[in-house]
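Below is a colleague's note, set out as numbered points, to be read beside the sequence and the structure.

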Amino acid sequence: IPVFDGPERLGVLAVQLPVDRLNRVMTGSRSWHDDGLGDTGETYLVGSDHLMRTDSRFLLENPEAFAAAIEELGLAAETREQIQAFGTTILSLPVRTKAVDAALEGREGTDVVVDYRGIEVLSSYTPLNIEDVRWVLISEMDTDEALASSRRFAREVLMVAGILVLVIAGVAVRAARSLTRPIEELVEGARAVQGGDLSTRVAVRTGDELGELTQDFNLMVTSIRDQTQQIQQKSLENERLLLNILPMPIAKRLRAGETVIADGFPAVSVLFADIVGFTALVRDLPPQSVVDLLNDLFTDFDRLAVRHRIEKIKTIGDAYMAVAGLPEPRENHAEVVAELALDMFDAIHAFNRRHDMSMDLRIGIHSGPVVAGVIGETKFIYDLWGDTVNVASRMESHGVPGRIHISQETRELLGDRYRLERRGELVLKSRGTVISWFLDGRGTA
């Protein structure tokens, strides 16, 4: 986004959010064994376009073997070259498995599927219920490793069961039933675990070796369940990491499959607020203190925006931008923005008392039509464009510290419900001479 000082463009502000932290969450900082994922387990994210949003464990551990595997599967040469060139599967490797398709349809569960390497895996899948993205979380482990203990245990139980059945064949029916019941329950439990049911528990009915075997079985299932819960916890951490950065109606449209969102709104009110003298006041403070101060003040502004049902668009340095009248149109957009502006001055006065400071605001408001839409593919942003945005910005930059500077269009919408002072004529770039006003408070003069 361009950065202006009045009409002068100072430069361009760009924000890049690295995927390293997301990768650290999904790979456990590459500590797969410590997280209970063994030699072949991994968790990763997939987008609605079936492309990975985090890196494959197998690429990170052994790039050469991974390259050979995807080449053997017949993956397009262009895709293989892209993965090799950038050293990542993010937005490059397609994952079209039953688990991904089911999760994108809103389902969750566990199934045995063939993964993107052509290997049979035990896959747990779930959609991420986040307002602004349509991603799914996949946790997988090769079936040979995932089910090795349960299959081995099932074989042992079946073997023990067979031997015991032969031994007790000549015993009375009542005694046979008392012995075979826990064995049958163990066999059923082993088969349930092998089928993916980790809620299975077998009652311990005896105090002998069979009872100990049953206790060991229950401990094994508990261990597997705990590992699954760890994976689910990582999913929750990832949900908190992926913040909701879009208005809810826009996020719903994205989840519904819209790829291009651009709307025209004939009547909105745009507010720009700038903290006057912020740079000079915090020049000698450490970076952490500067961020803490801005976060404290902007959090107050955010709460006010939520209270008035006004959409915060963004912050630019120590400036704050908000709009009323979209994405849901409303007739009183000018009035609610005026209320927000007045409340923002109350908030900064309270902020000054808390921190023993003397900061001030300069606010500009203009009303009119805008175009709003979502830009970006991997990092979404909801933004506004149009002459209304430019005039609102210039109302702020040509304003006076401690006052709310509004355009003639906004003044006409406010009517006589507020105390207004005519400022006079003002020359604005690309607009020429305009009439502007100061909003001094609620009620008529």
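1. In what order do the four strands of the open sheet stand, and is their pairing parallel or antiparallel? This is a predicted model, and in it the order is β3-β6-β5-β4, with antiparallel pairing. The edges of the sheet are taken by β3 (42–46) and β4 (109–114), each of which has a single partner strand, so that one side of each is left without a neighbour in the sheet. From one strand to the next, the twist averages 30°.

2. Within that sheet, the antiparallel pair formed by strand β5 (residues 120–127) and strand β6 (residues 136–142) is joined by seven bridges. To place the register of this pair on the sequence, one may take S123, which stands opposite E140 in β6. Strands of a sheet pair through backbone hydrogen bonds, either parallel or antiparallel.

3. A second strand pair that deserves inspection is the antiparallel one between β13 (residues 418–428) and β14 (residues 432–442), where ten bridges join the two strands. Here Y418 has R442 of β14 as its bridge partner. The two strands form a hairpin with three residues between them, and in its turn S430 has a positive phi of about 70°.

4. Turning to helix packing, how far apart are the axes of α12 and α13, and at what angle do the helices pack? Helix α12 (residues 287–307) packs against helix α13 (residues 333–355) at an angle of about 150°, and their axes lie 10 Å apart. Because angles over 145 degrees count as roughly antiparallel, α12 is described as roughly antiparallel to α13. The crossing of α12 and α13 is right-handed.

5. On the side of α12, the contact is made by L293, D296, L297, D300, F301, L304, A305 and R307, while α13 contributes L340, D343, M344, A347, I348, F351, R354 and H355. By residue class, the contact of α12 with α13 divides into ten nonpolar residues, one polar and five charged.

6. The loop that leads from β9 (319–324) to α13 should be checked with some care, for P327 lies in it. The peptide bond that joins L326 and P327 is cis, with omega at about 0°.

7. Two residues other than glycine with positive phi values also call for a look at the backbone. The phi of L91 is near 60°, and this residue sits in the loop between α4 (77–86) and α5 (98–104); its relative accessibility is 33%, so L91 counts as partly exposed. The phi of D356 is near 55°, and D356 is found in the loop between α13 and β10 (360–375). Is D356 buried or exposed? With a relative accessible area of 72%, D356 is exposed, because the cut-off for that class is over 50%.

8. A last point concerns G196, whose place is in the loop between α8 (173–194) and α9 (209–241). At 29% relative accessibility, G196 counts as partly exposed. Between the C-alpha atoms of G196 and L75, which are 121 residues apart along the chain, the separation is 31 Å.

How values were computed. Residues numbered from 1 in each chain as written. Predicted model: local features only at pLDDT ≥ 70, side-chain atom pairs only at ≥ 80, totals over all residues. Heavy atoms only, no water. Pairing = 2+ DSSP bridges. Axes fitted to C-alpha atoms, helices over the stretch in contact; angles between N-to-C directions. Parallel < 35°, antiparallel > 145°, perpendicular 65-115°, else oblique. Left-handed = near helix turned anticlockwise from the far one by under 90°. Contact = heavy atoms within 4.5 Å. Nonpolar A, V, L, I, M, F, W, Y, C, P; charged D, E, K, R; others polar. Buried < 20%, exposed > 50% of the residue type's maximum accessible area, 1.4 Å probe, protein only.
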